[in-house]
Amino acid sequence: MVIPTGVRLALDRLDRAGYEAYIVGGCVRDSLLGETPTDWDLATSASPERIKEVFNGYNQIDTGIRHGTITVILDDMPIEITTYRVDGKYSDGRRPDEVHFTGDIVEDLARRDFTINACAMTESEVIDPFGGKDDLRHGIIRSVGDPKERFKEDALRILRGIRFASVLGFKVEEETKKAILDCRELIRNVSMERITMEFSKILLGDAVYDTLLEFQAVMAVVFPEIQEMVGFDQRNKYHIYDVYRHTLKSVESIDKDVALRTTMFFHDIAKPSCFTLDENGVGHFYGHAKASAVMAEGILERMRFPNRKIRDIVELIKYHDRPIGLTAKSVRKLLGKMGEEQFRRLLKVKRADTMAKNPNFQEEKLKDLEIIEGIAYSLIAEDACITRNQLAVNGNDLIELGIPQGRPIGRILDTLLEMVLNEELENNKADLLKQAKAIWVKSRL
Ligand code: ATP
Ligand code: MG
């Protein structure tokens, strides 16, 4: 196990000043799993004032001084050092009314959420009062103490538990699982920002399919919209999964990127409300992409996603089911409309959507997407005109033609681009200027 120099220095200084100090929490969990933690947390018997004294002369930040946490920079590394702590009563289901400092590491470990997060270690020993090492070895998420009590204290733990199951691919132990389901309504007490943060991490987990299937009822507290998708039979030969399973399959099939995975989670959210059956008993979902885009927009606003991200995700959902066409013309038009980055994302979305459908029809679809990708690459490589500033003329050229500065210039450039994308016009200066003049003259008749 590799403990960074800064952390060893911190442990050492506290020890030499006569205090106990341990590495605790997520970094112990990750180290025991053989991973390299990114942030390091220490717990110590020293009071916050003593911590400040011990690290006098070092860069210090009072991160959460009221809760006993001080961040010290050692060997260029920020290290969070917290006095051993026992949490008081929780009356709001979010945070303790008060905290007490204690001299006992076991009391500090007892306030932590899951056994795998409740080990402490130094270079030479691991303190493990709740069987965290065993649970890590067997892949089990288990509450420290009575799970119901612990979720009632702080409902964020419900989402953290689900997150660890998804990210680590662990099973949630039966009692803990029962308590998660029984207490699920309490996540209404958790702030939207924290829900969104945990939900994003859940989506990025390797075991997202199994986990979100198992804890669908918890997700439905946050997003009642998904309830309809669960078990919804699509009655269509292109599908072998119900809408919710298809959704989770598609999430699992795309890159581990929050925007892309969020797109997949909501891409079919309106499907149940768009369902129709034809005379042959075949199911259809006309208009579901647009309707899902509208619904997703509302949900993402509620989740306080940044506006730019919302715009991107909503656009991807809107286009996820629209055929692109296998011609240079059709690819170029959509590339022009969406921009290169979004277009690339759209191809990933379409691929993931296909992977989550009936395997019998996948091959052809995937081949088409490859062709489209090839066309897009060539267009980009040959620097084909896709956006306004790739036109062989610019605003100044039009002003020189005698067209007045301002709105008409932009409008004419847009029209020229559209004609080029439609292959009605070549992107060369002479042709473009001629056409610009014609548009301008016509507009004044
Ligand atoms: P990550 O850093 O990957 O999000 P983590 O488990 O390290 O995961 P932190 O928020 O860094 O999470 O918290 C550090 C430690 O503090 C946890 O490992 C756990 O022991 C404890 N902890 C964090 N949040 C809670 C909580 N809501 N209830 C109880 N203990 C918690
Ligand atoms: Mg952490």
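User: What makes R137 and D134 a salt bridge?
Analyst: In this predicted model, the closest N and O atoms of R137 and D134 are 2.5 Å apart. The cut-off is a side-chain nitrogen of Lys or Arg within 4 Å of a carboxyl oxygen of Asp or Glu, so the pair counts as a salt bridge.

User: Where do those two sit relative to each other, R137 and D134?
Analyst: Both belong to helix α5 (residues 132–138). Their spacing is 3 residues, about one turn of the helix.

User: Why is R137 labelled the way it is, buried or exposed?
Analyst: Its relative accessible area comes to 60%. Exposed means over 50%, so R137 is exposed. D134 has 38%, which falls between the 20% and 50% limits, so D134 is partly exposed.

User: How do you know that R16 and D12 form a salt bridge?
Analyst: Check the closest N and O atoms: they are 3.2 Å apart. That is within the 4 Å cut-off, so R16 and D12 qualify. Both residues lie in helix α1 (residues 5–16), with their positions 4 residues apart, about one turn of the helix. R16 has a relative accessible area of 64% and is therefore exposed, while D12, at 38%, counts as partly exposed.

User: And R308 with D312, what makes that a salt bridge?
Analyst: The closest N and O atoms of R308 and D312 are 3.5 Å apart. The limit is 4 Å, so the pair is in. The two are 4 residues apart in helix α15 (residues 307–319), which means about one helical turn separates them.

User: Why is D312 classed as it is, buried or exposed?
Analyst: D312 has 15% relative accessibility. Buried means under 20%, so D312 counts as buried. Its partner R308 reaches 52%, and since exposed starts over 50%, R308 is exposed.

User: How many salt bridges does the structure hold, and which residues are linked in a network?
Analyst: There are 36 salt bridges in the structure. R150, E153, D154 and R157 are linked in a network of them.

User: What makes K290 part of a patch of positive charge?
Analyst: K290 gathers with K318, R322, K329, K333 and K337 on the surface. Lys and Arg count as positive, so every name in that list carries the right sign. Patch members also need over 30% relative accessible area. K290 is at 57%, so that test is passed, and K290 even counts as exposed.

User: Which helix gives the most to the positive patch, and where is K290 found?
Analyst: Helix α16 (residues 328–338) gives the most, with 3 residues. K290 is in helix α14 (residues 288–302).

User: Why is the patch with E20 and D104 called negative?
Analyst: That surface patch is made of E20, D104, E107 and E125. Asp and Glu count as negative, so the patch gets that sign. D104 is in the loop between β7 (99–101) and α4 (105–110). At 33% relative accessibility, D104 is over the 30% that a patch requires, so that test is met, and it counts as partly exposed.

User: What makes D75 and D76 stand out in their backbone angles?
Analyst: Phi is near 50° for D75 and near 65° for D76. Each is a positive value in a residue other than glycine. D75 is found in the loop between β4 (69–74) and β5 (77–83), and D76 lies in the loop between β4 and β5 too. D76 has a relative accessible area of 78%, over the 50% limit, so D76 is exposed.

User: Why is F232 classed as it is, buried or exposed?
Analyst: F232 has 18% relative accessible area, which is under 20%, so F232 is buried. The residue lies in the loop between α11 (216–222) and α12 (243–252). F232 and D242 are 10 residues apart in sequence, yet 5.0 Å apart in space, C-alpha to C-alpha.

User: Stepping back, how do you know that the chain is not a compact globule?
Analyst: The chain has 21 helices and 13 strands. Its radius of gyration is 28 Å, well over the 22 Å that the globule rule gives for 445 residues, so the chain is more spread out than a compact globule. The C-alpha atoms fill a box of roughly 90 × 60 × 40 Å along the principal axes. Of the 445 residues, 49% count as buried.

How values were computed:
Residues are numbered from 1 along each chain as its sequence is written. Chains are lettered from A and ligands numbered from 1 in the order in which they are written. This is a predicted model: local features need pLDDT of at least 70, side-chain atom pairs count only at pLDDT 80 or more; totals for chains, interfaces and linings use all residues. Side-chain values use heavy atoms; hydrogens and water are left out. Patches are made of residues with over 30% relative accessible area and no salt bridge: like charges are joined within 9 Å, nonpolar side chains (Val, Leu, Ile, Met, Phe, Trp, Tyr) within 5 Å. Accessible areas come from the Shrake-Rupley method with a 1.4 Å probe; for residues, only the protein chains shown count as cover. The place of a charge is taken as NZ of Lys, CZ of Arg, CG of Asp or CD of Glu. Buried means under 20% relative accessible area, exposed over 50%, partly exposed in between (1.4 Å probe, protein chains only). The radius of gyration is taken over C-alpha atoms; the globule rule is 2.2 Å times the number of residues to the power 0.38.
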